[in-house]
Amino acid sequence: MSQIDPRRGIPRTDALLTLPAVAEARTRLGDHVVRALVRDAQDRARRGDLDPEQVKSSLLEQLSHSSATTLRPVLNATGVVVHTNLGRAPLSKAAVDALVAASGYVDVELDLTTGARSQRGVAARAALRAACPAAEDALVVNNGAAALVLATTALSAGKEVVVSRGELIEIGAGFRLPDLIASTGAALREVGTTNRTHLRDYAEALGPQTGCILKVHPSNFAVLGFTAAVGLRELRPLASEYGVPLVADLGSGLLGPDPLLPEEPDAATALSDGADVVTASGDKLLGGPQAGMVLGRAEIITRLARHPLARAVRADKLALAALEATVAGAAAPVTQALHADPDHLRTRAERLAAAVGAGVVAHDGRVGGGGAPGVPLRGWAVRLPEAVAAALRTGEPAVLPRVHDGACLLDLRCVPPDDDERLLAAVRAALDRIG
Ligand SMILES: *Cc1c(COP(=O)(O)O)cnc(C)c1O
């Protein structure tokens with residue numbers, strides 16, 4: 001039985017709130033966040049997890065690395081480049097600068113020369129046109145799914161969307177393309193079979209009731225064996241004959257071909273092969289912010305931009321700014337990670353491994369985000385005991401390794417080289433924690 005109640009020594013809330021560092025944190029983080037941290041430190045002392053004398057120092061320590069968001073930056077050591085659970089593409093320095101610049105008042109819908117209202121997002125549209133000259137015009141919306149919904153709604157509501165059965169995909173998190181199209185008020189006209197669809201299947205389905213022909217890139221799986229699909233080039237004459245738009249949902253967002261990913265469709269090729277418009281994501285292989293892009297024939301882009309639904313799926317100023325900077329700027333982190341030199345990755349992995357007495361193993365990274373399934377990205381990983389993984393995830397900085405085959409693997413492909421020292425410190429701390 002303790003005679004002195006340990007809780008008596010716990011600093012009072014008002015005393016803590018008036019500390020200069022705490023007052024400063026209240027202006028930075030807001031009262032609510034700071035009070036929650038104060039309560040948390042006091043609660044830990046009440047439970048006996050913290051010495052009452054350390055409440056103040058623990059609070060100050062917490063505040064020093066707190067931010068107004070509870071989202072925590074993570075070092076991605078999985079080797080998966082477009083990691084959906086980690087927010088897909090990390091932004092380039094140029095995109096981050098653009099985003100910060102756009103965070104205040106910004107001329108997103110204003111012509112500063114004339115003082116008159118301008119079209120929203122003209123700069124992002126111009127950057128996309130410059131990066132993909134095969135596109136007469138471009139439109140930026142909220143995400144890839146929104147781009148597809150807008151295109152099918154504007155072109156096919158009350159009519160039919162003709163699509164191959166082999167392309168009725170589920171993208172992820174239960175998101176199914178057929179459901180999405182049905183929600184637009186367009187009817188799905190399925191043609192062909194799961195493994196084989198021929199030109200005559202499309203021809204038989206076309207008529208006055210057709211709104212558009214849709215080609216979907218089945219980005220997250222591959223059908224092998226006895227298969228047949230009809231490409232955009234073969235569909236082009238048919239679309240022209242019936243006067244219906246040919247839409248291609250590409251998914252990944254490559255604007256031009258990437259020799260590393262020969263199976264991955266890109267906007268320039270799809271448009272020159274005959275698509276009237278293509279839709280794609282901004283935060284997959286393009287390496288930008290969450291956004292959806294529609295690129296292609298000016299007349300169709302205008303129809304989409306004028307449709308009432310366009311207002312409901314419009315991109316915000318931050319996404320527009322970051323997308324423009326990504327498209328116009330130097331190679332985005334996603335592109336760099338994809339094309340990282342295996343020898344360089346090995347050198348970095350060996351340096352990290354040597355510093356903590358671990359070994360290095362060959363390890364294939366992946367494109368991720370449902371893109372280029374089965375395409376290995378040759379690289380290396382530092383191999384640690386599996387138990388290190390949890391300590392790494394909950395450390396500071398948080399590190400997400402790959403847990404595989406009873407080991408914790410650190411693939412440096414998606415870790416910026418400038419962060420190697422931070423990663424090493426995190427690994428040392430995690431090894432210390434598990435003892
Ligand atoms: C990812 C993807 C989408 C959806 O794009 P979001 O940006 O995630 O909304 C649509 N179609 C295909 C083929 C995709 O790969």
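User: What counts as a polar contact, and which atom of Arg-88 lies 2.8 Å from an oxygen atom of the ligand?

Analyst: A polar contact is a pair of N or O atoms within 3.5 Å. Now the case in this predicted model. A polar side-chain atom of Arg-88 sits 2.8 Å from a ligand oxygen atom. Two backbones come in as well. A polar backbone atom of Gly-144 is 2.8 Å from an oxygen atom of the ligand. For Ala-145, a polar backbone atom is also 2.8 Å from a ligand oxygen atom.

User: How much of the ligand's area does the protein bury?

Analyst: Compare the ligand taken alone with the ligand in place. Alone, the ligand exposes 380 Å². The protein buries 93% of that area.

User: Which residues are around the ligand?

Analyst: A residue is near the ligand if one of its heavy atoms lies within 4 Å. Here the shell holds Arg-88, Asn-143, Gly-144, Ala-145, Ile-171, His-217, Ser-219, Asp-249, Gly-251, Ser-281 and Lys-284. By class, that gives two nonpolar, six polar and three charged residues.

User: Which elements each supply at least two residues of that shell?

Analyst: Look for helices or strands that contribute repeatedly. Here they are α7 (144–156) and β9 (246–251).

User: What does UniProt place at Lys-284?

Analyst: Treat a record's annotation as a label, then look at the site. The unreviewed UniProt entry places "modified residue: N6-(pyridoxal phosphate)lysine" at Lys-284. In the model, Lys-284 is among the residues around the ligand. Its position is in the loop between β10 (277–281) and β11 (292–296).

User: Is Lys-284 buried or exposed?

Analyst: Buried means under 20% relative accessible area. Lys-284 is at 9% relative accessibility, so it counts as buried.

User: Which residues does Lys-284 touch, not counting those up to four places away in sequence?

Analyst: Contact means heavy atoms within 4.5 Å. With that sequence filter, Lys-284 touches Val-82, Arg-88, Ala-89, Gly-251, Ser-252, Val-334 and Gly-369. Arg-88 and Gly-251 are also in the ligand shell.

User: Now the whole protein. How many helices and strands are there?

Analyst: Start with the element count: 18 helices and 15 strands. Then take the extent. The C-alpha atoms fill a box of roughly 90 × 55 × 45 Å along the principal axes.

User: What share of the residues is buried, and what share of contacts joins residues at least 24 apart?

Analyst: Take burial, then sequence separation. Of the 435 residues, 46% are buried. Among contacts between residues at least 6 apart in sequence, 72% join residues at least 24 apart. The accessible surface is about 21,400 Å², with 53% belonging to carbon and sulfur atoms.

Note on methods: Residues numbered from 1 in each chain as written. Predicted model: local features only at pLDDT ≥ 70, side-chain atom pairs only at ≥ 80, totals over all residues. Heavy atoms only, no water. UniProt positions renumbered as here; feature names shortened; annotations may be inferred. Helix = DSSP H or I, 4+ residues; strand = E, 2+ residues; numbered from the N terminus. Buried < 20%, exposed > 50% of the residue type's maximum accessible area, 1.4 Å probe, protein only. Polar contact = N/O pair within 3.5 Å; in protein donor to acceptor, adjacent residues only side chain to side chain. Areas by Shrake-Rupley, 256 points an atom, 1.4 Å probe, with all protein chains shown as cover. Nonpolar A, V, L, I, M, F, W, Y, C, P; charged D, E, K, R; others polar.
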